[in-house]
Amino acid sequence: VVVTLLAWRMLLLCVSAIPSLHASTGCIKERKMQPRCSSSSTGVSSLDYGAPAAATHILAEAEAAHAAELASGTAAAFLSHRTASSRREVAFSSHHVGARFAGPDSAALGDGASSVHISDEAVLAPAECAALRLEARLAMAKGLSSQFTYTDVAPIREVHVADLPLARRMLRRKLARLLLPLVAGRFALPPGSLRVRDAVVLRYDAAERATRQPFHRDEGLVSFNVPLSRGFEGGGTCFEGSGAVLRPPQGRLLCHASGMRHAGHAISRGVRWVLVVFLVSTRAPQLVRRCSNLAAAEARLAAAAEAARAGR
């Protein structure tokens, strides 16, 4: 209990020093103290918060984690210098969940943060969906897959798109030409600011009881998924704030703020394949998420040390 209270105190101290993001310009605003901003050679702002000494090292680690995600091998694998406004006009339907359910990064995402957005037409053709499924299935058969950590019934199998050569090239091209501009347009973000934190193909299988996920938040700023298969029963994404289960057809794009709590609704028959992509932005360092993760890690280390002392 003492360890948990200390972790919460550390987190609250850090959060109190975190400024909010101005959605339109990416500049930083703070209620009590205006931090000084300077741009580094990488284009990422360096921030001086004037935070209490006990929190400055956590804030520094959070900023470093943001920079590391932007410079990661995964981000580089999908980065294209040809990202521009989409030449293809795609209409979207929006399901309103509510501003209070948008998560901690809503200020960086504009009015679109309070809704889930689904394209009115497919962004991946049936042949592209089939190609992704096939390469992912072959990789899983070779043991390349891992288990999806949010699963609470049976392990949902996943494979990282960065490990699939053909899928990686196809997705990089689709991101630059279509997907990033479409997603960015829903959340008032410049397409060129977006980077891929991770991209996975998930496989739900009713026969293996790998049918669903519990409610959770994603590790990212914006998440989108594209169903890759048909012929299963159930499934879809359930959003906690509204209780709605949204089931876009194969090939259509569903996007939402990563901090919006959601779950993989259970399938009752068949196999469901889904492409899921987690995005971060050079404009939004997501210090609340990162400080929370760091505080949780500190708590785990403290708990392990306390258990070791108690076992002596």
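A salt bridge here is a side-chain nitrogen of Lys or Arg within 4 Å of a carboxyl oxygen of Asp or Glu. By that rule, Arg203 and Glu208 qualify, with their closest N and O atoms 3.8 Å apart. The legends below walk through a predicted model, starting with the whole chain and then moving in on its parts.

**Figure 1. Overview of a predicted protein model with seven helices and 17 strands.** Of the 312 residues in the protein, 47% are buried. The accessible surface comes to about 15,100 Å², and carbon and sulfur atoms hold 54% of that area. If we take the contacts between residues at least 6 apart in sequence, 77% of them join residues at least 24 apart. The count of salt bridges comes to eleven, while the number of disulfides is zero.

**Figure 2. Arg203 and its two acidic partners, Asp205 and Glu208.** Side chains of opposite charge can pair when their charged atoms come close. Here the side chain of Arg203 meets that of Asp205 in a salt bridge, at 3.1 Å from N to O. A salt bridge also links Arg203 to Glu208, and for this pair the closest N and O atoms are 3.8 Å apart. How covered are the residues in this view? Arg203 has a relative accessible area of 16% and is buried. Asp205 is buried too. Glu208, in contrast, is partly exposed, at a relative accessible area of 40%.

**Figure 3. Arg289 and Glu219, a salt bridge between helix 7 and a loop.** The closest N and O atoms of this pair are 2.8 Å apart. Why does the pair tie together parts that are 70 residues apart in sequence? Arg289 belongs to helix 7 (residues 287-310), whereas Glu219 sits in the loop between strand 9 (194-205) and strand 10 (222-227), so the salt bridge spans that separation along the chain. Arg289 counts as buried, with 9% relative accessibility, and Glu219 counts as partly exposed, with 27%. The pair also belongs to a network: salt bridges with shared partners join Glu69, Arg197, Glu219, Arg289 and Arg290.

**Figure 4. Strand 9 and its pairing with strand 8 and strand 17.** Eleven of the twelve residues of strand 9 are buried, so this strand is mostly covered. Strand 8 (residues 157-160) pairs with strand 9 in the antiparallel sense, over four bridges. To find your place in that pairing, look for Glu158, whose bridge partner in strand 9 is Leu202. Strand 17 (residues 271-281) is also antiparallel to strand 9, and their pairing runs over eleven bridges. A handy landmark there is Leu194, whose bridge partner in strand 17 is Ser281.

**Figure 5. Ala210 in the loop between strand 9 and strand 10.** Is Ala210 buried or exposed? With a relative accessible area of 1%, Ala210 is buried. For a sense of the spacing here, compare Ala210 with Val271: the two residues are 61 apart along the chain, and their C-alpha atoms are separated by 9.4 Å.

**Figure 6. An open sheet of three strands in the order 13-12-15.** The pairing in this sheet is antiparallel. Which strands stand at the edges? They are strand 13 (245-246) and strand 15 (262-264); each has a single partner strand, so one side of each is left without a neighbour in the sheet. Strand 12 (residues 237-239) pairs with strand 13 over two bridges. Cys238 has Val245 of strand 13 as a bridge partner.

**Figure 7. His262 in strand 15 and the residues it touches.** His262 counts as buried, at 6% relative accessibility. The side chain of His262 makes a polar contact with that of Asp218, at 3.3 Å. Leaving aside residues up to four places away in sequence, His262 touches Pro214, Phe215, His216, Asp218, Thr237, Cys238, Phe239 and His256.

**Figure 8. Two buried cysteines, Cys255 and Cys291.** A disulfide is a covalent bond between the sulfur atoms of two cysteines. The structure holds zero of these bonds. As for cover, Cys255 counts as buried at 0% relative accessibility, and Cys291 counts as buried at 1%.

Terms used
Residues numbered from 1 in each chain as written. Predicted model: local features only at pLDDT ≥ 70, side-chain atom pairs only at ≥ 80, totals over all residues. Heavy atoms only, no water. Buried < 20%, exposed > 50% of the residue type's maximum accessible area, 1.4 Å probe, protein only. Contact = heavy atoms within 4.5 Å. Areas by Shrake-Rupley, 256 points an atom, 1.4 Å probe, with all protein chains shown as cover. Pairing = 2+ DSSP bridges. Disulfide = S-S within 2.5 Å. Polar contact = N/O pair within 3.5 Å; in protein donor to acceptor, adjacent residues only side chain to side chain.
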